[in-house]
Amino acid sequence: MSEFLKMDIFFVIATIGFVVFAVLVICALWYVVKILRTINRVADSVEEEATAIKEDLHEARESMKRQGKGLLSGIATLFGMAGKSGKRILKKRKS
């Protein structure tokens, strides 16, 4: 074989290898972009929910201030224990 034929074969094989590698990298980047977009949507959704929770807590705090209740009675109200005395709650827990 002549030297030029060997060089031509090498360059053809190297070019094919580079093209295959480039296609694989492009496919991998495509999937990375899709994953990042999904993460961005999830982060936006979490941010919206956090804002809604913050507003709800602010409304609950304002409501407690208007009604003049203390912190403990407000927390008890949030957990559905309003109107129950501490002794009754302890009795329930013991039995």
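Does Met-1 count as buried or exposed, and what is its relative accessibility? In this predicted model, Met-1 has a relative accessibility of 72% and therefore counts as exposed, since the cut-off for that class is over 50%. The residue is placed in the segment that precedes helix α1, an element spanning 3-67, and it takes part in a nonpolar patch on the surface.

**Overall fold and exposure**
- The secondary structure of the chain amounts to 3 helices and 0 strands, and the order of elements, read from the N terminus, is α-α-α.
- The chain has 95 residues, of which 4% count as buried.
- About 8,900 Å² of the chain is exposed, and 69% of that area is supplied by carbon and sulfur atoms.

**Surface patches**
- Together with Met-1, the residues Leu-5, Ile-9 and Ile-13 make a nonpolar surface patch of about 430 Å².
- A negative surface patch is formed by Asp-44, Glu-47, Glu-48 and Glu-49, and of these residues Glu-49 lies in helix α1.

**Aromatic contact**
- A search covering the whole structure finds 1 aromatic pair, which Phe-10 and Phe-11 form in an edge-to-face arrangement, with 5.4 Å from centre to centre and 65° between the planes.
- Phe-10, one member of this pair, counts as exposed because its relative accessibility is 54%, which is over the 50% cut-off for that class.

Conventions. Residues numbered from 1 in each chain as written. Predicted model: local features only at pLDDT ≥ 70, side-chain atom pairs only at ≥ 80, totals over all residues. Heavy atoms only, no water. Patch = residues over 30% accessible without salt bridge, like charges linked within 9 Å, V, L, I, M, F, W, Y side chains within 5 Å. Areas by Shrake-Rupley, 256 points an atom, 1.4 Å probe, with all protein chains shown as cover. Salt bridge = Lys/Arg side-chain N within 4 Å of Asp/Glu carboxyl O. Helix = DSSP H or I, 4+ residues; strand = E, 2+ residues; numbered from the N terminus. Buried < 20%, exposed > 50% of the residue type's maximum accessible area, 1.4 Å probe, protein only. Lys, Arg positive; Asp, Glu negative; His and termini not counted. Charge placed at Lys NZ, Arg CZ, Asp CG, Glu CD. Phe/Tyr/Trp six-rings, centres within 6.5 Å; stacked < 30°, edge-to-face > 60°.
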